[in-house]
Amino acid sequence: MEENIYMDYSEIVLAELQEAASLLNKVLEDKALQDNIVAAAELMVSSLRKEGKLIACGNGGSHCDAMHFAEELSGKYREERKPLAALAIAEPAYLTCTGNDYGYAQIFSRYVEGLGRRGDVLFAISTSGNSENVNLAAEKAQSMGMKVVALNGKHGGKLAQHCDVEIRVPHHGYADRTQEIHIKIIHTLILLIEKML
């Protein structure tokens, strides 16, 4: 029994890295996906130039990605520049209050309704594209004249129907692998936004 404690896990490590590299290679070969990243950045920059703002949302790991996106823009990414109007729907008191009073499905859409304005951009992140609260936020944003950038995976889910630009990672397995590509796309979006501005 004691021997199992010292098992060689290097094959698992190698397999994980190979699968990640394989998915990244798919993205490298997907010109349409790359073009959509540029289109998303252009949409966001257009909003910022007109004094609009970027609002990001997601659940779990995608929630963390939404916060990271917003803090790199409102703070600093690589180069010194003025802060940009980007925020994530992440304030705990708001999320728990709204979830308690209206249900978890409403936590993002009510925020969008309260703080979103025509010309703003909602950055909606969902690895499946089927997160109800993210989809309701996207629908609300579009009904208000906002633009929606979707960052999703698998078959795109319902979110693919409620966006102006879709960045879909071509992966149908576990969400963590999709999220690994999502963060690379998010960093690339931030870089493009900085360059375009």
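Select helix H1 (10-28), helix H2 (31-49) and helix H7 (175-196), each of which supplies at least two residues of the lining of the largest pocket; helices here are DSSP runs of H or I with at least four residues, strands are E runs of at least two, and both are numbered from the N terminus. This is a predicted model, in which local features need pLDDT of at least 70 and side-chain atom pairs count only at pLDDT 80 or more, while totals for chains, interfaces and linings use all residues. Residues are numbered from 1 along each chain as its sequence is written, and side-chain values use heavy atoms, without hydrogens and water.

Next, show the lining itself: Leu-24, Val-27, Leu-28, Leu-33, Gln-34, Ile-37, Ile-181, Lys-184, Ile-185 and Thr-188. A pocket is an open set of points on a 1 Å grid over the protein atoms alone, where a 1.4 Å probe fits, with protein on both sides within 12 Å along at least five of seven lines, and lining residues have an atom within 4 Å of a point. H7 gives the largest share of this lining, four residues, and the volume of the pocket is about 220 Å³, taken as the space filled by probe spheres set on the points, which are joined across faces, edges and corners.

Move now to strand E1 (residues 54-57), where Leu-54 and Ala-56 point one way, Ile-55 and Cys-57 the other, and all are buried, meaning under 20% relative accessible area with a 1.4 Å probe, protein chains only. Add strand E2 (residues 86-88), which pairs with E1 in the parallel sense over three bridges, pairing requiring at least two DSSP bridges; here Ile-55 stands opposite Leu-87. Finally, select strand E3 (residues 121-125), which runs parallel to E1 and is joined to E1 by four bridges, with Val-121 as the bridge partner of Leu-54.

Key. Buried < 20%, exposed > 50% of the residue type's maximum accessible area, 1.4 Å probe, protein only.
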